[in-house]
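Student: I have a chain to look over. Can we work through it by questions, one helix at a time?

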Amino acid sequence: MTQMTFVIGGIQNPETQVRRRVSYGLERVENLIKQGQLEKAQERLNNLEAKFGDTFSLAELSSFLRQQAALKIELKDYPGALEDLYVIQAAGVTARYSVVVGNMIIELETLLAEQQATASVEDNGIRRPPNEE
C-alpha cells in the first residue's frame with residue numbers, strides 16, 4: 001500500500017511539465033529579445049521547434065508560443081502575434097495565465113483596429129487634424 005501511494009503521489013501531469021532543455025532555450029530567447037537580438041532569437045525559436053516541437057507538452061507549447069508572440073510584437077507583426085496568442089488561449093492554459101493572454105489579445109486587437117482605421121482614413125485622402133497625429 002505504501003509503495004502504491006508513493007507511485008500515485010509521484011505521478012505528474014505530462015502536460016504541465018517543461019523539460020530543462022526547453023526551458024533553458026526559451027529563457028535564452030527571452031533574453032535575446034530583451035537585448036534586441038531579434039534574428040538570433042528567431043534562430044533559437046526555429047531550433048527549439050525543430051528539436052522539440054513534435055513533443056512539446058501543453059506548458060512547453062504555451063511558453064514557446066508566448067516567446068514567439070513576443071518576438072513578433074517586437075518585429076511589429078501584430079497579426080502573427082495575435083495568432084500565437086489565440087492558440088495559447090484555445091489550448092486551455094491556467095486561469096491566471098489565461099487572463100494575461102486575454103489582456104494581451106485585447107491590446108493587440110485594439111492596436112490593429114486603430115491601425116486599420118488610420119489606414120482607411122489615409123486611403124480616403126482624409127487627413128487627421130495635427131493634434132491627432
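Student: What distance does H4 reach from its first C-alpha to its last?

Tutor: This is a predicted model, so every value here is computed from predicted coordinates. H4 has 17 residues. The expected span takes 1.5 Å times one less than the number of residues, and that gives 24 Å for H4. The model is close to this expectation, with a reach of 24 Å.

Student: Where does H4 sit in the overall pattern, and how many helices does the chain have?

Tutor: Along the sequence the pattern reads α-α-α-α-α-α. H4 covers 58–74. There are zero strands, and the helices number six.

Student: Which residues touch the most other members of the largest nonpolar core?

Tutor: That core has 25 residues. Helices H2, H3, H4, H5 and H6 each give two or more residues to it. The two with the most contacts to other members are Phe64 and Leu85.

Student: Is phenylalanine 64 buried or exposed?

Tutor: Phe64 appears among the buried residues of H4. Buried means under 20% relative accessible area. Phenylalanine 64 has 2% relative accessibility, so it counts as buried.

Student: Which residue forms an aromatic pair with phenylalanine 64?

Tutor: The structure holds one aromatic pair. Its ring centres are 5.2 Å apart, and the planes are at 45°, which makes the pair tilted. The partner also counts as buried, at 15% relative accessibility. It is phenylalanine 56.

Student: And leucine 85: what does it touch, not counting residues up to four places away in sequence?

Tutor: Leu85 is one of the buried residues of H5. Contact here needs heavy atoms within 4.5 Å. On that basis, leucine 85 touches Ala69, Val101, Met104, Ile105 and Leu108.

Student: Now the polar side. Why does glutamine 68 count as buried?

Tutor: Glutamine 68 lies in helix H4. The cut-off for buried is under 20% relative accessible area. Glutamine 68 counts as buried because its relative accessible area is 13%.

Student: What polar contact joins the side chain of glutamine 68 to aspartate 84?

Tutor: Aspartate 84 is in helix H5. Aspartate 84 is buried too, at 7% relative accessibility. Beyond four places in sequence, glutamine 68 is in contact with Leu45 and Asp84. The polar contact between the side chains of glutamine 68 and aspartate 84 is 3.1 Å.

Student: Which residues is aspartate 84 in contact with, leaving aside neighbours within four places in sequence?

Tutor: Gln68 is one of them. Its H4 companions Leu65, Ala69 and Lys72 are listed as buried. The full set for aspartate 84 is Leu65, Gln68, Ala69 and Lys72.

Student: Which residue caps the N-terminal end of H5?

Tutor: Start just before it: H4 is followed by lysine 76, with a positive phi near 65°. At the N-terminal end of H5, a side-chain oxygen lies 2.9 Å from the backbone nitrogen of glycine 80. The capping residue is aspartate 77.

Student: Which residue takes a positive phi just after H5?

Tutor: H5 has 13 residues and reaches 18 Å, close to the 18 Å expected. Just after H5 the phi is about 80°. The residue is glycine 92.

Student: Last one, on the whole chain: what share of its residues count as buried?

Tutor: The accessible surface comes to about 9400 Å², with 53% belonging to carbon and sulfur atoms. Among contacts with a separation of 6 or more, 54% join residues 24 or more positions apart. Of the 133 residues, the buried share is 28%.

Methods: Residues numbered from 1 in each chain as written. Predicted model: local features only at pLDDT ≥ 70, side-chain atom pairs only at ≥ 80, totals over all residues. Heavy atoms only, no water. Helix = DSSP H or I, 4+ residues; strand = E, 2+ residues; numbered from the N terminus. Buried < 20%, exposed > 50% of the residue type's maximum accessible area, 1.4 Å probe, protein only. Areas by Shrake-Rupley, 256 points an atom, 1.4 Å probe, with all protein chains shown as cover. Core = buried A, V, L, I, M, F, W, Y, C linked by side-chain atoms within 4.5 Å. Phe/Tyr/Trp six-rings, centres within 6.5 Å; stacked < 30°, edge-to-face > 60°. Polar contact = N/O pair within 3.5 Å; in protein donor to acceptor, adjacent residues only side chain to side chain.
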